[in-house]
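Reader: I have a new model open in the viewer and would enjoy walking through it with you. Shall we take it one question at a time?

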Amino acid sequence: MRYAPLFDNGLSLLADTNMDFPLERSLEDCLKTVEAKPFSRYFDEQLDAAEELYGIQLHFNFSTNDVKALIDSYRTAYSQEICDRCEALIRRQMRHYGYLVKVKNNVMSDNHRNVI
C-alpha cells in the first residue's frame with residue numbers, strides 16, 4: 001500500500017491575494033476563513049484523523065533561520081508585503097505545529113520556540 005502524496009493547494013499559504021486573502025487583511029483574519037480540503041474544512045481535524053490512523057508521519061526539518069533565508073532569497077522577485085506575510089505565516093504554523101518541527105538533535109529547541 002502507498003500513501004497519497006502531500007499536495008499544497010495554495011490556500012494553506014493564503015496564495016489568493018487578489019480575492020480571498022488580500023494583503024490588506026490581517027493574517028489572523030485570513031486564517032479564520034481559510035478552509036482545508038477534502039476531508040474536513042479544518043486543517044487540524046484532517047491532521048488529527050491522519051495521525052489517529054497512521055501515527056505521526058509528517059515532520060518538518062527546518063528552523064526559523066532556514067525560513068528567513070529562503071524568504072530573503074525571493075525578496076527581489078516578490079513584494080515586501082508578500083514576503084513578510086509568507087514568513088509570518090510559516091512562523092505561526094511552526095509555533096502551532098511545533099511538535100512536528102525537528103531541528104538540531106531532532107527536537108525544536110527552546111531558543112527556536114522563542115524566536116518563531
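Reader: Happy to start with a small detail: which residue follows helix 2, and is its phi positive or negative?

Author: Good place to begin, and do keep in mind that this is a predicted model. The phi in question is positive, near 80°, and it belongs to the residue that comes after helix 2, Gly-55.

Reader: What end-to-end distance do the C-alpha atoms of helix 2 show, and what should the helix span?

Author: Helix 2 covers residues 43-54, which makes 12 residues. At 1.5 Å a residue the expected span is 16 Å. The end C-alpha atoms agree with that, as they lie 16 Å apart.

Reader: Which residues of helix 2 are buried, and how wide an arc do they cover around the axis?

Author: The buried ones in helix 2 are Gln-46, Leu-47 and Glu-51. They sit on the same side of helix 2, because the arc they cover around the axis is only 130°.

Reader: And which residues are exposed on the other side of helix 2?

Author: Turn the helix around in your viewer. Exposed there, on the other side of helix 2, are Glu-52 and Leu-53.

Reader: Now the loop before it: is Ala-36 buried or exposed?

Author: Ala-36 has its place in the loop between helix 1 (27-33) and helix 2. Among its contacts, leaving out residues up to four places away in sequence, are Phe-43 and Gln-46. Its relative accessibility is 4%, and the cut-off is under 20%, so Ala-36 counts as buried.

Reader: How far is the C-alpha atom of Ala-36 from that of Leu-11?

Author: Along the chain, Ala-36 and Leu-11 are 25 residues apart. In space, their C-alpha atoms are separated by 7.8 Å.

Reader: How are helix 3 and helix 4 oriented to each other: roughly parallel or roughly antiparallel?

Author: Helix 3 (residues 64-73) and helix 4 (residues 80-96) pack with their axes 10 Å apart, and the crossing is right-handed. The angle between them is about 160°. Angles over 145 degrees count as roughly antiparallel, and helix 3 and helix 4 are therefore roughly antiparallel.

Reader: Which residues of helix 4 meet helix 3?

Author: From helix 3, the partners are Thr-64, Val-67, Lys-68 and Ile-71. Helix 4 answers with Cys-83, Cys-86, Glu-87, Ile-90, Arg-91 and Met-94.

Reader: To finish, how many helices and strands does the chain have?

Author: Read along the sequence, the pattern is α-α-α-α-α. The count for the chain is 5 helices and 0 strands.

Conventions: Residues are numbered from 1 along each chain as its sequence is written. This is a predicted model: local features need pLDDT of at least 70, side-chain atom pairs count only at pLDDT 80 or more; totals for chains, interfaces and linings use all residues. Side-chain values use heavy atoms; hydrogens and water are left out. Helices (H or I, at least four residues) and strands (E, at least two) are DSSP runs, numbered from the N terminus. The expected span of a helix is 1.5 Å times one less than its number of residues. Buried means under 20% relative accessible area, exposed over 50%, partly exposed in between (1.4 Å probe, protein chains only). The arc is that of the directions from the helix axis to the C-beta atoms. Axes are lines fitted to C-alpha atoms, for helices over the stretch in contact, and angles run from 0 to 180 degrees between N-to-C directions. Angles under 35 degrees count as roughly parallel, over 145 as roughly antiparallel, 65 to 115 as roughly perpendicular and the rest as oblique. A crossing is left-handed if the near helix is turned anticlockwise from the far one by less than a right angle, and right-handed if clockwise. Contact means heavy atoms within 4.5 Å.
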